[in-house]
Amino acid sequence: LAAIAAGFFAMRWPEATTSIVIRVVAFLAFVAGAIGLLDLLGSVDWIQGGAGDVQRSGRRLAINLTAAIAVTGVVMFFGGLAFVRAVQAPNVAHAAMAEDGCNGHIELCERRLDEVVLAGTHNSMAASSQDFLFARQHSGIGAQLATGVRAFLVDLHYGARVQDLVRTDFRSELEEELAQADLSADERAATDGFLAVLGGVPPDAERTVYFCHVYCELGATPALDELRVVHDFLRENPNEVVVLVLEDFVDPADAISVFERSGLAGQAWSWLPGEPLPTLGEMIRKGDNVLVLVENEGGAESWYIPAYDDMLQDTPYAFEEPRDFSCARGRGDATNPLFMVNHWISVDPPSPIVAANANARDVLLARSEECASERGRIPNILAVDFFDQGDLFDVVDVLNGVAPP
């Protein structure tokens with residue numbers, strides 16, 4: 001059986017087999033030579049019967065040589081210096097900002113955030129590739145980053161995995177009120193039981209923070225995993241600036257903890273109302289090239305920025321067809337520096353064909369220019385459904401002045 005297995009392996013992977021055989025034979029030859037060398041050293045009279053100091057020195061020499069030969073043999077057996085390199089973090093050479101530009105263009109480096117247009121996605125996490133029902137994107141956040149999306153609208157909810165399904169934990173939305181209520185032990189137990197039924201979550205289930213839209217049962221992905229995707233992308237692409245707009249239904253401390261564990265908290269730009277916005281180049285040079293905007297309960301950290309209080313303003317977001325698109329002010333004060341255009345059609349189920357028509361160059365560019373004229377500022381985020389349908393990236397380049405109109 002061993003011979004059959006070895007023969008099958010050799011036929012299936014001849015190159016690997018050759019490498020293994022050569023390495024084993026070389027290792028045995030190396031060890032055999034080392035044993036012969038140590039035998040010669042061990043037969044010298046001054047090791048066996050010389051003076052005390054000489055004898056101890058000989059033993060010490062033999063032990064050190066044995067250890068050195070053993071370590072060298074093991075390292076060489078497992079691939080030599082390749083083994084050492086394999087356990088070290090790679091030292092990747094990145095292009096300088098002067099060569100690579102900011103968000104792909106040198107012209108954008110000295111522009112402030114409110115002078116730049118970013119491609120954005122609505123319900124960025126709700127991708128069909130990640131098994132979301134009623135998905136509004138084909139591909140997840142990692143693919144969106146690779147394609148050129150730099151602004152992400154995501155929802156934070158509590159959820160708990162029950163068997164193979166993530167259940168929305170609605171209990172969290174009432175916990176603060178219940179904590180202040182004067183309930184007896186029996187009343188509290190009955191209330192907990194009712195909330196468990198409402199949320200489909202057992203009372204002792206461990207909840208965590210997920211990216212999901214309203215109901216995690218329709219699709220959910222751990223927020224920590226997705227934020228790590230963003231963090232890893234920025235490690236490999238340090239000359240990029242990313243904006244996250246969070247619709248948060250979780251306690252700020254829990255959201256901040258997820259950001260810290262993902263590594264993104266260390267890359268988030270800190271901002272206080274009234275401070276001038278940074279340029280893309282400033283964010284990149286400082287290594288704080290993530291802007292985190294929080295819709296409901298921002299402000300717990302200087303980088304966990306309340307979205308619509310002082311930073312962001314937007315348009316309405318409920319449109320039944322392209323002719324209904326409006327540039328009227330939605331949320332946020334008219335003096336807030338960043339402007340987001342919500343550009344999607346509210347149809348159920350979401351349709352890539354409808355999105356392709358809405359994202360067509362003549363529709364998206366015309367609305368963007370109309371909103372810039374009406375609101376007196378360029379759109380900084382163009383948020384769409386099905387970003388890969390239509391001409392989102394072409395329109396962004398035209399608005400940034402890095403492509404012909």
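The following exercises, with worked solutions, concern the empty spaces, helix contacts and backbone geometry of a predicted model.

Residues are numbered from 1 along each chain as its sequence is written, and side-chain values use heavy atoms, with hydrogens and water left out. Because the model is predicted, local features need pLDDT of at least 70 and side-chain atom pairs count only at pLDDT 80 or more, while totals for chains, interfaces and linings use all residues.

**Exercise 1. Characterise the largest pocket and its lining.**

Step 1. The search runs on a 1 Å grid over the protein atoms alone; a pocket is an open set of points with protein on both sides within 12 Å along at least five of seven lines, whereas a cavity is a set of points where a 1.4 Å probe fits but cannot get out. Lining residues have an atom within 4 Å of a point. Grid points are joined across faces, edges and corners, and a volume is the space filled by probe spheres set on the points.

Step 2. The largest pocket holds about 530 Å³ of space. Its lining comprises 28 residues, and those closest to the centre are His 122, Asn 123, Arg 136, Asp 155 and His 213.

Step 3. Two or more lining residues come from each of strand E2 (151-162), strand E6 (242-248) and strand E10 (338-343); E2 gives the most, with four residues. Helices (H or I, at least four residues) and strands (E, at least two) are DSSP runs, numbered from the N terminus.

Step 4. By class, the lining of this pocket has 15 nonpolar, seven polar and six charged residues. Here Ala, Val, Leu, Ile, Met, Phe, Trp, Tyr, Cys and Pro count as nonpolar, Asp, Glu, Lys and Arg as charged, and the others, Gly among them, as polar.

**Exercise 2. Find the cavities and describe their linings.**

Step 1. Over the whole structure, two cavities of 30 Å³ or more are found.

Step 2. The largest cavity contains about 60 Å³ of space. Its lining includes Arg 136, Trp 344, Pro 350 and Asp 385, and helix H14 (residues 352-358) supplies the largest share, three residues. The lining divides into seven nonpolar, three polar and two charged residues.

Step 3. The second largest cavity contains about 40 Å³. It is lined by Leu 113, Val 116, Leu 118, Val 243, Leu 338, Asn 380 and Ile 381, of which six are nonpolar, one is polar and none is charged.

**Exercise 3. Describe how H10 packs on H11.**

Step 1. The axes of helix H10 (residues 223-236) and helix H11 (residues 252-262) come within 9 Å and cross at roughly 45°. Axes are lines fitted to C-alpha atoms, for helices over the stretch in contact, and angles run from 0 to 180 degrees between N-to-C directions.

Step 2. H10 is therefore oblique to H11; angles under 35 degrees count as roughly parallel, over 145 as roughly antiparallel, 65 to 115 as roughly perpendicular and the rest as oblique.

Step 3. The contact (heavy atoms within 4.5 Å) is made by Ala 223, Leu 224, Leu 227, Arg 228 and His 231 of H10 and by Val 258, Phe 259, Arg 261 and Ser 262 of H11. These residues divide into five nonpolar, two polar and two charged.

**Exercise 4. Locate the backbone features at Pro 349 and Asn 123.**

Step 1. Most residues other than glycine have a negative phi, and most peptide bonds are trans.

Step 2. Asp 348 and Pro 349 are joined by a cis peptide bond, with omega about -10°. Pro 349 lies in the loop between E10 and H14.

Step 3. Asn 123 has a positive phi, near 50°, and is found in the loop between strand E1 (118-121) and helix H7 (141-147).
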